[in-house]
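Got your viewer open and a selection box ready? Let's take a walk through this one, stop by stop.

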Amino acid sequence: MKPGAELAALHDRMLRADPRLDRPPAPLYAVRVGDQWLPWSAGGHPALEFCNTYAGWGADPTGVPTPGSDWLRGYPTLAVRAGHHDLADGPVVEALLRRAAEQPAEAAGVLADARAFRSALHACLTDPQDGAAFGAVAIVVQEAGRSAVLTRGEDGLAHWRLPPSAGLRLPLPLYAAARAAGELLADPRRFTVRRCPGTGCGWLFLDESGRRRWCSLATCGTRPAS
């Protein structure tokens with residue numbers, strides 16, 4: 001009996017040493033966008049999704065994230081995420097990915113800045129009295145504000161976009177996340193943000209009802225990773 005089409009295709013990929021065969025298993029509660037894994041959108045706001053790092057991605061019994069559980073693994077993930085949350089246009093994301101491949105050192109620096117910003121934002125959202133965290137976030141948000149213009153989209157809604165005159169810069173996805181963070185911090189809803197107390201979770205939600213809804217579906221990361 002001859003092998004089926006799927007098995008034949010797999011054999012062909014093995015002969016060609018297809019790098020996609022070496023991909024790690026899909027994280028729990030993730031969505032694949034292009035070649036990148038991103039967490040599910042659960043928090044209700046792009047700024048919260050930026051912080052929802054380890055939820056459902058695996059943790060040991062003490063809540064310590066397992067290796068590889070961070071979604072923000074590289075600059076491409078940061079760029080693709082901006083497009084996924086409609087914080088950057090598709091062509092801009094593709095151009096950023098090409099430039100990051102040409103400038104790996106610069107891309108690595110932006111990635112480090114993004115991780116530092118994420119930590120400060122998480123601290124700021126979970127403790128409104130943390131002045132140091134707010135100051136660290138504010139610096140990036142203010143820089144982001146100088147890099148974009150507010151435009152009216154075809155849907156009639158306003159969108160922050162990078163003007164052509166600003167040129168293509170690798171920090172753009174970080175600035176996109178920062179603008180979303182600034183909007184949330186200026187919104188009274190920031191005081192309703194709740195963190196799931198589940199072991200190995202930590203997702204942030206705009207309010208208690210959202211947390212209950214996701215946890216009741218067992219998507220908050222309290223289940224052991226498969």
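Start by selecting L121. This is a predicted model, and in it L121 is in contact with A47, F50, C51, V137 and A181, not counting neighbours within four places in sequence. Show those five side chains as sticks along with L121 and keep them on screen.

Next, widen the selection. L121 belongs to the largest nonpolar core, which has 44 residues, and together with F50, Y75, F117 and L125 it is among the members that touch the most other members. Now colour the helices that feed this core: α2 (46–51), α3 (75–84), α4 (90–102), α5 (104–126), α6 (131–146) and α7 (172–185) each put in at least two residues.

Time to zoom out to the whole chain in cartoon view. You should be able to count eight helices and six strands. Tracing from the N terminus, the order runs α-β-β-α-α-α-α-α-β-β-α-β-β-α. If you colour by burial, 42% of the 226 residues come up as buried. Draw the contacts with a separation of 6 or more, and 58% of them link residues 24 or more positions apart. Switch on the surface too: the accessible area is about 12,300 Å², with 58% of that on carbon and sulfur atoms.

Hide the surface and go looking for empty space. How many cavities of 30 Å³ or more does the structure hold? There are two. The largest has a volume of about 50 Å³. To find it, select L38, P39, W40, S41, E49, W71, R81 and H85, the residues that line it. Sorted by class, that lining has four nonpolar, two polar and two charged residues.

From there, jump to E106, in helix α5. Buried, exposed or partly exposed? With a relative accessible area of 31%, E106 falls between the 20% and 50% cut-offs, so it is partly exposed. Sequence neighbours within four places aside, E106 is in contact with R99 and L170. Add P171 to the selection and draw a distance: E106 and P171 are 65 residues apart along the chain, with their C-alpha atoms separated by 9.2 Å.

Now select A148, in the loop between α6 and β3 (149–152). A loop residue, but is this one buried or exposed? Its relative accessible area is 11%, which is under the 20% cut-off, so A148 is buried. Bring in W160 as well: A148 and W160 sit 12 residues apart in sequence and 6.1 Å apart in space, C-alpha to C-alpha.

Last stop: F191, in the loop between α7 and β5 (194–195). Here the relative accessible area is 56%, over the 50% cut-off, so F191 counts as exposed. Draw one more C-alpha to C-alpha distance, to D127, and you'll get 9.3 Å for a pair 64 residues apart in sequence.

To wrap up, put A148 and F191 on screen together: both lie in loops, yet A148 is buried and F191 is exposed.

How values were computed: Residues are numbered from 1 along each chain as its sequence is written. This is a predicted model: local features need pLDDT of at least 70, side-chain atom pairs count only at pLDDT 80 or more; totals for chains, interfaces and linings use all residues. Side-chain values use heavy atoms; hydrogens and water are left out. A nonpolar core is a set of buried Ala, Val, Leu, Ile, Met, Phe, Trp, Tyr and Cys residues joined through side-chain atoms within 4.5 Å. Buried means under 20% relative accessible area, exposed over 50%, partly exposed in between (1.4 Å probe, protein chains only). Helices (H or I, at least four residues) and strands (E, at least two) are DSSP runs, numbered from the N terminus. Contact means heavy atoms within 4.5 Å. On a 1 Å grid over the protein atoms alone, a cavity is a set of points where a 1.4 Å probe fits but cannot get out, and a pocket is an open set with protein on both sides within 12 Å along at least five of seven lines; lining residues have an atom within 4 Å of a point. Grid points are joined across faces, edges and corners, and a volume is the space filled by probe spheres set on the points. Ala, Val, Leu, Ile, Met, Phe, Trp, Tyr, Cys and Pro count as nonpolar, Asp, Glu, Lys and Arg as charged, and the others, Gly among them, as polar. Accessible areas come from the Shrake-Rupley method with a 1.4 Å probe; for residues, only the protein chains shown count as cover.
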